[in-house]
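Reader: I have a model open and want to talk through its backbone, sheet and surface. Can we start with the backbone?

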Amino acid sequence: TMDYAIKTVKVLLETKKPHSLKWYCNKALAFQYGRSLLPDSDTYDTIVESEKIIKYVSAVEHQGKLFIKVAKGDSTKEPLSDQELIALTNYFAEIKDAGVKLEVISKPADHFAIQINIYYNPMVFSDDGFRLDTGEDAIRNTIRNYVENKIPFNGQYRNTDLVDALQNIDGVVIPELIETRTVPHDEYVNNPSNPPWVTINAYHNPVSGYYKIYDDTDLNITFIAYKTIENV
């Protein structure tokens, strides 16, 4: 029948047509930890939301290979455990298009460090960077929040965007950025005495897909009271 023919053609198209990067991202989000797929299928018999551990995903092609970066966690991004990564890798091996070279990546956040001078209004901030009215650590909080939460997963960090975020804080007169640096976590761990930090010139894409300020000493902020009228 005509309906059967249309259905057959549709099935053939679905099985022959290479899937898009978005399809691979959606499949990562649909992955259920600890559950088998239906036979000869890329779906499950039941959907259990609590088993969906992938919260962040990005798929990119590079030199003929498909890289899928993932992270779990709700309020903070985290790498998958070894066992979770094995399960997800096997899941993709089963559902990917034939011939596609695919690698699943889930690493701890890249390290991020900053050196900056903050010229502040002394009517708004104390000399150690806390708001006088609420006591909030607004400047450090803004830097952490931007670096760790505001950049899209596997998105591009830009120095200008961070400076813009700081300029939007009431009482911050001039954020004078001196330097931002980064290093992948693996390289940091492998060289603990002398991590190979790289200076960020304008922009940077994280190896893991996201950044974290691991240590308070990586926030090197000098607070300088801004005076509109210099003393004679």
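Author: Fine. Keep in mind that this is a predicted model. A place to begin is Asp40, which sits in the loop between helix 2 (21-30) and strand 1 (56-62).

Reader: What is the phi of Asp40?

Author: Positive, about 55°, although Asp40 is not a glycine.

Reader: Buried or exposed?

Author: Asp40 counts as exposed, because its relative accessibility is 84% and the cut-off for exposed is over 50%.

Reader: Which loop holds Gln63, and what is its phi?

Author: Gln63 is in the loop between strand 1 and strand 2 (65-71). Its phi is near 50°, again a positive value in a residue other than glycine. With a relative accessible area of 74%, Gln63 is exposed.

Reader: Switching to the sheet. How many strands, and in what order?

Author: Three, in the order 1-2-3, forming an open sheet with mixed pairing. Strand 1 and strand 3 (102-105) are at the edges; each has a single partner strand, so one side of each has no neighbour in the sheet. From one strand to the next, the twist averages 20°.

Reader: Strand 2 with strand 3: parallel or antiparallel?

Author: Parallel, over four bridges. Within that part of the sheet, Lys69 stands opposite Ile105 of strand 3.

Reader: Which strands does helix 2 touch?

Author: Helix 2 packs on the sheet and touches strand 1, strand 2 and strand 3. The direction of helix 2 makes about 145° with that of strand 1. Helix 3 (residues 82-95) also packs on the sheet, touching strand 2 and strand 3, and its direction is at about 155° to that of strand 3.

Reader: Back to helix 2. What is Cys25 in contact with?

Author: Cys25 lies in helix 2. Leaving aside neighbours within four places in sequence, Cys25 is in contact with Val57, Ser58 and Ala59. The C-alpha atoms of Cys25 and Ser58 are separated by 6.2 Å, with the two residues 33 apart along the chain.

Reader: Why does Cys25 count as buried?

Author: Because its relative accessible area is 15%, and buried means under 20%.

Reader: Last topic, the surface. Which residues make the nonpolar patch with Tyr226?

Author: Val173 and Ile174 make that patch together with Tyr226, and the patch is about 220 Å². Tyr226 is in the segment after strand 10 (219-225). At 33% relative accessibility, Tyr226 counts as partly exposed.

Definitions and conventions:
Residues are numbered from 1 along each chain as its sequence is written. This is a predicted model: local features need pLDDT of at least 70, side-chain atom pairs count only at pLDDT 80 or more; totals for chains, interfaces and linings use all residues. Side-chain values use heavy atoms; hydrogens and water are left out. Patches are made of residues with over 30% relative accessible area and no salt bridge: like charges are joined within 9 Å, nonpolar side chains (Val, Leu, Ile, Met, Phe, Trp, Tyr) within 5 Å. Accessible areas come from the Shrake-Rupley method with a 1.4 Å probe; for residues, only the protein chains shown count as cover. A salt bridge is a side-chain nitrogen of Lys or Arg within 4 Å of a carboxyl oxygen of Asp or Glu. Helices (H or I, at least four residues) and strands (E, at least two) are DSSP runs, numbered from the N terminus. Buried means under 20% relative accessible area, exposed over 50%, partly exposed in between (1.4 Å probe, protein chains only). Contact means heavy atoms within 4.5 Å. Two strands pair if DSSP finds at least two bridges between them. Axes are lines fitted to C-alpha atoms, for helices over the stretch in contact, and angles run from 0 to 180 degrees between N-to-C directions.
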